[in-house]
Amino acid sequence: MKGDTCERRLSLRALEPEDLDFLYTIENDEDMWDMGCANVPYSRYALSNYILSGTCDIYADKQMRLLMQDEEGAPVGLLDLFNFDPKHLRAEVGIAVDRHRRDLGYGHEALLQIERYARHTLHLHQLYAIVVCSNARSLTMFRKAGFVDGVLLKDWVFDGKNYQDALVMQFFL
């Protein structure tokens, strides 16, 4: 997703079969499971089928997963638009950055790019994210990208031992 005049060191693109190893690494990183809905490892077979079966049409799938890649084309993370609601013109956004590429601004740049795409291509009214309150890194990233704090969700995420509060963060396009 290129287009604006500012220089980019990150691009977003659809998943390709050759992304399977990276997707496998991200999806099976147990440290990230508390942030999403996964709690079991994914097989290469299941992930390969996911890549091959996607239509890349957010209106059909109600979701879109994009690979974040650096200027050399190396994968650095994944950006998801999901819970897409064409009636209310909103979608939830999630980001997973490879543990070795965090704190380098890739997540922030990906959010800026998806904000432009959501505004100019999808014509959405808002993006939102649900962020665990203890995830200071993600809270800072979303706030820096213009998301504002919304509703506090008490005991929203269970990490296997404890419930954690989460914050709904919104970006109005």
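**Notes on the cores, rings and charges**

1. A good place to start is the largest nonpolar core, which has 32 residues; Met-68, Leu-81, Val-93, Ile-114, Leu-127, Phe-142 and Phe-147 are the members that touch the most others in it. A nonpolar core here is a set of buried Ala, Val, Leu, Ile, Met, Phe, Trp, Tyr and Cys residues joined through side-chain atoms within 4.5 Å. Two or more residues each come from β1 (10-14), β2 (64-70), β3 (75-85), β4 (90-97), α4 (106-120), β5 (126-132), α5 (136-144) and β7 (163-172). Helix α4 gives the largest share, 6 residues. The helices (H or I, at least four residues) and strands (E, at least two) are DSSP runs, numbered from the N terminus.

2. Please keep in mind that this is a predicted model, in which local features need pLDDT of at least 70 and side-chain atom pairs count only at pLDDT 80 or more, while totals for chains, interfaces and linings use all residues. Residues are numbered from 1 along each chain as its sequence is written, and side-chain values use heavy atoms, with hydrogens and water left out.

3. Leu-81 is worth a look on your screen. Beyond its neighbours within four places in sequence, Leu-81 is in contact (heavy atoms within 4.5 Å) with Ile-58, Lys-62, Gln-63, Met-64, Ala-91, Glu-92, Val-93, Ile-114, Leu-122 and Leu-127. There is also a second, separate core of 10 residues, with Leu-15, Phe-22, Leu-23 and Leu-67 among them. As a general point, nonpolar side chains in soluble globular proteins tend to be buried together.

4. On to the rings. The count is 4 aromatic pairs, where rings of Phe, Tyr and Trp (its six-membered ring) pair if their centres lie within 6.5 Å, and planes under 30 degrees apart count as stacked, over 60 as edge-to-face and the rest as tilted. Phe-142 and Phe-147 are edge-to-face, because their planes stand at 75°, with the ring centres 5.0 Å apart. Phe-142 is buried at 5% relative accessibility, and Phe-147 is buried at 3%; buried means under 20% relative accessible area, exposed over 50%, and partly exposed in between (1.4 Å probe, protein chains only). Phe-142, Phe-147 and Phe-171 form one aromatic cluster.

5. Phe-158 and Tyr-163 make a tilted pair, 4.7 Å centre to centre with 45° between the planes. Here Phe-158 is partly exposed at 45%, and Tyr-163 is exposed at 52%.

6. Two arginines place their charged ends over rings (CZ of Arg, or NZ of Lys, within 6 Å of the ring centre and within 35 degrees of the ring normal). Arg-9 sits over Tyr-106, 4.4 Å from the ring centre, and Arg-44 sits over Tyr-24 at 4.0 Å.

7. The whole structure holds 10 salt bridges, each a side-chain nitrogen of Lys or Arg within 4 Å of a carboxyl oxygen of Asp or Glu. Asp-19, buried at 5%, meets Arg-13 at 2.8 Å, N to O, and Arg-13 is partly exposed at 23%. Asp-149 and Arg-143 also form a salt bridge of 2.8 Å; Asp-149 is partly exposed at 40%, and so is Arg-143, at 40%. Glu-27, Arg-65 and Asp-80 are linked in a network of salt bridges.

8. Lastly, the cysteines. The structure has 0 disulfides (cysteine sulfur atoms within 2.5 Å). Cys-56 is exposed at 61%, whereas Cys-133 is partly exposed at 34%.
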